[in-house]
Amino acid sequence: MIAAVAAEREGDAVRTLLIGGQWRAAENAMAVVNPFTEEVVGYAACADGANALAAVDSATRGAVAMRALSSGARSALLHRAADALARDAETFARAITAESGKPIAHATREVGRAVNTLRLSAEEAVRLTGETLAFDSMPGGEMRSGFYFHEPVGVIAAITPFNDPLNLICHKLGPAFAAGNAVILKPAEQAPLVGVMLAELLLAAGLPAEALNLLTGRGDVFGAALVGHPDVAMISFTGGARTGERIAAAAGAKRLAMELGANSPVIVAADADLAKAAIACASGAFSAAGQNCIGVQRIYVHATCYDEFRARLIAATEALVVGDPALPETEIGPMIGNAEAARLERRIDQAKALGATVLTGGTRQGALFRPTVIENAPDDADLVCEEAFGPVVSLFAFADLDDAIVRANAPRHAIHAAIFTESLRDALHVARRLEAAGVMVNDSTDYRLDAMPFGGAKGGNMGREGVRFAVREMSQTKTVCFNAA
Ligand code: NAD
């Protein structure tokens, strides 16, 4: 049974560190708590700097083993892992719900996406081809011929957040292995156990023993030792902007992929299908209890349809089923913890003090925050200018589309933006001018296909995931040139 290694505490030996192909314990362990029931669902070892150094040492050997594998073998092992994950989907979904509070229906969807991410990785492993080069295109090169191909970068440190605890790991491990790299994985401290389960599954699927090392625990304790290590060739980070800045500073000159946060805007134009827009925005704002890097946070609505859209959004929000994430009908579960819910509450209080009105929601029981719609929040309220990462959305009226674009573009970080309109001309105009890496037309900002290029547009975001794109970033080209002269 895959969950066994993490779900039970054997005395003081909580063996969730995978180093050198062995499951190891650390001096300290931390409890993993279900944010809804507040029950302890497992324990994770707390890695330290020495563990990080040992993991890098092991991964350096793992990188040699991965490099020796043919692309066909890498593809086959990723297909086997995808098959195994599909077979164990229910167990993984229950584990996601238990440690992160994500509703079981959404956790099941996440596992399905993770299977797809591994499959896409398996397919990309055999598509990582180069091409011939026209050396004879410039005088002096007539007798030269050659080609380039892609090589692995070596050891990649993969650091992931709590909100999609399985699929975001697959978005790093799948492409890294497809390209022939070794990985040191640091899953989120709040939800590390699905990462442990996935590591077991990958080893069982035939991954070379030292190609994956896993460090559970607190990133701020051993993160600098890990990312600053000269043998780590690349850091692939998904998480908050502040953490990203700390990691970049400790890493120094190194290949970085930074998938940071955002504060996604939606524009609802005067000619929009308001029923469709309201339902999409409610889902996009509140899914995963708003803990979604592309969740809808700000909605700019044309003044002529503001009242109708507001009424529809409130109705769609109040229709959401909020509660126990273990129940199949639940759409919105708890936030990741009481502290995060309290932080959101303080931000709503601050916005209210600055003149905002709560139209629905605004209350919580522990980590369970009612989906909240706000209006009249000033542009400098934290809820408007910072990432909220909780179930709250702010409404604004606009009269001029270009003014809405300027306001939509104001925050420092961006990933996706969206517009609802029936006008092709407005859709294209807005898509060109919104500062985002993806613009959704007649869809919520939280739409994502795992095969599409995905990343951020500004504020230190760098790199693209979406399997094919991550595979390219996790490899480097090598040119071979023959001189026949
Ligand atoms: P976080 O930044 O607190 O933690 C992310 C990871 O970094 C965790 O594994 C944590 O242990 C680790 N970490 C913390 N300090 C570290 C250090 N000094 N060195 C190395 N590792 C360290 O983020 P979170 O609260 O888990 O997740 C929420 C954030 O993630 C939000 O800002 C959200 O927008 C962002 N996110 C972005 C994407 C994306 O694709 N762009 C996807 C999901 C979440």
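Visitor: What makes V266 and I299 partners?
Guide: A bridge: in β13, I299 is the bridge partner of V266.

Visitor: Why are β12 and β13 called paired strands?
Guide: Two strands pair if DSSP finds at least two bridges between them. Strand β12 (residues 264–268) and strand β13 (residues 296–302) share five bridges, so they meet that cut-off. They run parallel. Strands are DSSP runs of E with at least two residues, and helices are H or I runs of at least four, both numbered from the N terminus.

Visitor: What kind of model is this?
Guide: It is predicted: local features need pLDDT of at least 70, side-chain atom pairs count only at pLDDT 80 or more, and totals for chains, interfaces and linings use all residues. Residues are numbered from 1 along each chain as its sequence is written, and side-chain values use heavy atoms, with hydrogens and water left out.

Visitor: Which sheet holds β12 and β13, and what makes a strand an edge there?
Guide: An open, seven-stranded sheet with mixed pairing, ordered β14-β17-β18-β13-β12-β19-β20. β14 (357–360) and β20 (438–441) each have a single partner strand, so one side of each lacks a neighbour in the sheet. That makes them edges. From one strand to the next, the twist averages 25 degrees. Here axes are lines fitted to C-alpha atoms, and angles run from 0 to 180 degrees between N-to-C directions.

Visitor: How do you know which strands are edges in the sheet with β5, β6 and β21?
Guide: Count the sides. The three strands form an open antiparallel sheet in the order β5-β6-β21. β5 (131–133) and β21 (475–483) each pair on one side only. The twist here averages 30 degrees between successive strands.

Visitor: What supports the pairings of β6?
Guide: Nine bridges join β6 (residues 144–152) to β21. Three more link β5 to β6. Both pairs run antiparallel. In β21, Q476 is the bridge partner of E151, and T477 stands opposite H150. E131 faces Y148 in β6.

Visitor: Which residues come nearest to the ligand, and what counts as near?
Guide: Near means a heavy atom within 4 Å. Around the ligand there are 27 such residues, and T160, E189, T243, L260 and E387 come nearest.

Visitor: Why are the approaches of E189, G240 and L260 called polar contacts?
Guide: A polar contact is a pair of N or O atoms within 3.5 Å; within protein, one must be able to donate a hydrogen and the other to accept it, and sequence-adjacent residues count only if both atoms are side-chain atoms. A side-chain N or O atom of E189 is 2.3 Å from a ligand oxygen. A polar backbone atom of G240 is 2.8 Å from a ligand oxygen. A backbone N or O atom of L260 is 2.8 Å from a ligand nitrogen. Each distance falls within the cut-off.

Visitor: How much of the ligand does the protein bury?
Guide: 88% of the 850 Å² that the ligand exposes when taken alone. Areas come from the Shrake-Rupley method with a 1.4 Å probe.

Visitor: Which elements give two or more residues to the shell around the ligand?
Guide: α8 (219–227), β10 (234–238) and α9 (241–251). α8 gives the most, with three residues.

Visitor: Where is S423, and what does its side chain reach?
Guide: S423 is in the loop between β19 (416–420) and α15 (424–433). Its side chain reaches the backbone nitrogen of D426 at 2.9 Å. The C-alpha atoms of S423 and A270 are separated by 9.9 Å, with the two residues 153 apart along the chain.
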